[in-house]
Amino acid sequence: MAAKTVTAENRTLLAGGGLLAGAMFAANAGNYLLNVVLGRWLTTGEFADANLMVTLMLLVTAIAVSLQLIAARFAGMNAVTNDTEATAAMARGLERSALVGGFVVALVLIAGATWWRDFFNSESAWPFVVLGVGMPAYLVQAVGRGVLQGQLDFRPLAGTFIYEMVVRVVLGVALVALGLGVLGATIALTASFIATWWSVQRALGLGVRGFSSVAGSVFSRRKPEIVAYAGPVAVLLLGQIIINNGDVLISKQSLDPTNAGRYAAIALVGRAVFFLSWSVATTLFPAATQRQERGGNADGLLYAGLAAVVGLGLAAIVGARLLGGIVLGRVFGADYADVSVPLAWYAFATAVFAMANLVVSHHLALGQIREAVLMLGGAVLQTVLLVAARGSTDELISAQVLAMLIVLAVVSISHMERRFGHRAVTKSPATSRPGVRST
């Protein structure tokens with residue numbers, strides 16, 4: 001019976017994961033289409049400013065994905081016992097925290113818009129203001145996505161990514177065509193946050209579904225466990241966001257506008273490896289949690305996920321080396337025609353990071369935080385190397401390759417020590433509760 005259950009679960013994960021991967025691929029393709037438009041219609045310096053807005057949004061993703069992973073883990077655990085009231089209570093409580101966090105981020109962006117403009121050598125402060133307006137909706141929608149993820153509801157989850165992409169691309173192309181430039185692209189970005197929030201609310205009905213006084217008391221009882229788990233998740237995402245975006249910020253601050261724009265294009269394409277692999281992590285995270293809750297071993301899920309990420313990475317590296325400069329040169333212009341080699345190395349660094357991130361996410365799904373701390377240490381290492389190598393594009397990419405190889409080696413050693421050192425604590429369904437199990 002247990003074998004049949006695992007087989008059925010694997011089929012569900014394969015189908016759902018494939019659907020989610022397809023949706024995220026389509027969403028990324030749409031976003032790249034928008035960036036093609038920006039690359040063709042904007043100057044190199046303006047393109048760097050537009051990419052800066054996306055990068056700042058990705059920095060805030062540290063908060064958004066933290067909320068999503070917390071919601072996914074607890075929704076997944078509640079799904080094992082079919083405790084929908086606990087899930088609704090948890091979601092509403094996290095939504096309230098997300099709303100507060102969103103207003104804080106908005107205040108930082110809006111009140112400091114002039115300072116941010118000067119610091120990043122941008123032309124206007126208005127895009128920072130517009131981006132700030134969308135932050136509350138951006139963080140709140142992450143909670144709903146986490147609930148869908150934790151309940152393995154991949155079809156509506158996939159739909160939210162498509163909806164977000166369509167709004168962003170259609171509105172972005174229209175506004176840039178009307179001559180609004182970077183500001184128009186940022187308006188489209190903010191509008192997509194609000195549209196995604198609405199699509200998530202429709203998928204779950206969390207805005208109106210039963211948060212009674214009883215549900216409130218359920219959340220109050222579970223809040224210490226949720227807060228305890230939030231710390232390790234924040235550590236993971238902080239390391240992830242620094243690694244994924246710190247180089248773009250450093251390049252924007254240290255390189256001249258033309259080279260910063262070229263680097264932004266390389267990073268934009270190279271990071272596709274990570275975002276495509278994120279569908280693998282999104283699928284396996286709640287599955288590992290649920291398998292652990294049932295007393296099973298989730299290592300097989302990790303190894304299957306790593307195989308998928310390796311395949312995506314190899315395809316991206318080869319494609320970047322053979323076609324990267326040709327495609328970017330024709331799409332963005334002659335300034336981007338000679339980037340095949342740096343793009344391939346960037347894709348390699350990102351693929352290595354995606355593998356390390358999957359290992360860390362897997363252990364975090366099991367309540368183990370040591371690997372997340374190691375990744376944060378890797379983010380510090382990368383930042384130090386980037387600051388030391390800020391003289392050129394090639395030096396920046398070389399620093400990332402070195403840092404990511406070290407990160408992957410360290411988290412892999414940690415995983416193998418758990419696997420073969422017999423230190424990991426296995427919890428039975430009767431005794432497991434959410435929270436941090438071990439370091």
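Biologist: What makes you call Arg-92 and Glu-95 buried?

Modeller: In this predicted model, the word buried is kept for a relative accessible area under 20%. Arg-92 is classed as buried, and so is Glu-95, so each of the two falls under that 20% limit.

Biologist: Why is the contact between Arg-92 and Glu-95 called a salt bridge?

Modeller: Their side chains come to 3.5 Å, N to O. The cut-off is within 4 Å, so the Arg-92 and Glu-95 pair qualifies.

Biologist: And why are Arg-92 and Glu-95 about one helical turn apart?

Modeller: Because both sit in helix α3 (residues 84-111), with their positions three residues apart in the count, Arg-92 and Glu-95 are separated by about one helical turn.

Biologist: Let's move along the chain. How do you know that Arg-370 and Glu-417 form a salt bridge?

Modeller: The closest N and O atoms of Arg-370 and Glu-417 are 3.0 Å apart. This pair links distant parts of the chain, with Arg-370 in helix α14 (residues 370-388) and Glu-417 in helix α15 (residues 393-421), 47 residues apart. Since 3.0 Å is within the 4 Å limit, the name fits.

Biologist: What makes Arg-370 partly exposed?

Modeller: Arg-370 has a relative accessible area of 25%. Buried would need under 20% and exposed over 50%, so Arg-370 lands in between. Glu-417, at 24%, is partly exposed by the reasoning just used.

Biologist: How do you know that Glu-371 and Arg-418 are a salt bridge too?

Modeller: The side chains of Glu-371 and Arg-418 meet at 2.8 Å, N to O. Here, too, distant parts of the chain are linked: Glu-371 belongs to helix α14 and Arg-418 to helix α15, 47 residues apart. As 2.8 Å is within 4 Å, the pair counts.

Biologist: Are Glu-371 and Arg-418 buried or exposed?

Modeller: Both Glu-371 and Arg-418 are buried, so each has a relative accessible area under 20%.

Biologist: Which residues are linked in a network of salt bridges?

Modeller: Arg-370, Glu-371, Glu-417 and Arg-418 are joined in such a network. The structure as a whole holds eight salt bridges.

Biologist: Happy with that! How many helices and strands does the protein chain have?

Modeller: There are 15 helices and zero strands. Of the 439 residues in the protein chain, 56% are buried. Among contacts with a separation of 6 or more, 82% join residues 24 or more positions apart.

Biologist: What does the accessible surface of the protein chain come to?

Modeller: About 17,500 Å², with 68% of that belonging to carbon and sulfur atoms.

Terms used: Residues are numbered from 1 along each chain as its sequence is written. This is a predicted model: local features need pLDDT of at least 70, side-chain atom pairs count only at pLDDT 80 or more; totals for chains, interfaces and linings use all residues. Side-chain values use heavy atoms; hydrogens and water are left out. Helices (H or I, at least four residues) and strands (E, at least two) are DSSP runs, numbered from the N terminus. Buried means under 20% relative accessible area, exposed over 50%, partly exposed in between (1.4 Å probe, protein chains only). Contact means heavy atoms within 4.5 Å. Accessible areas come from the Shrake-Rupley method with a 1.4 Å probe; for residues, only the protein chains shown count as cover.
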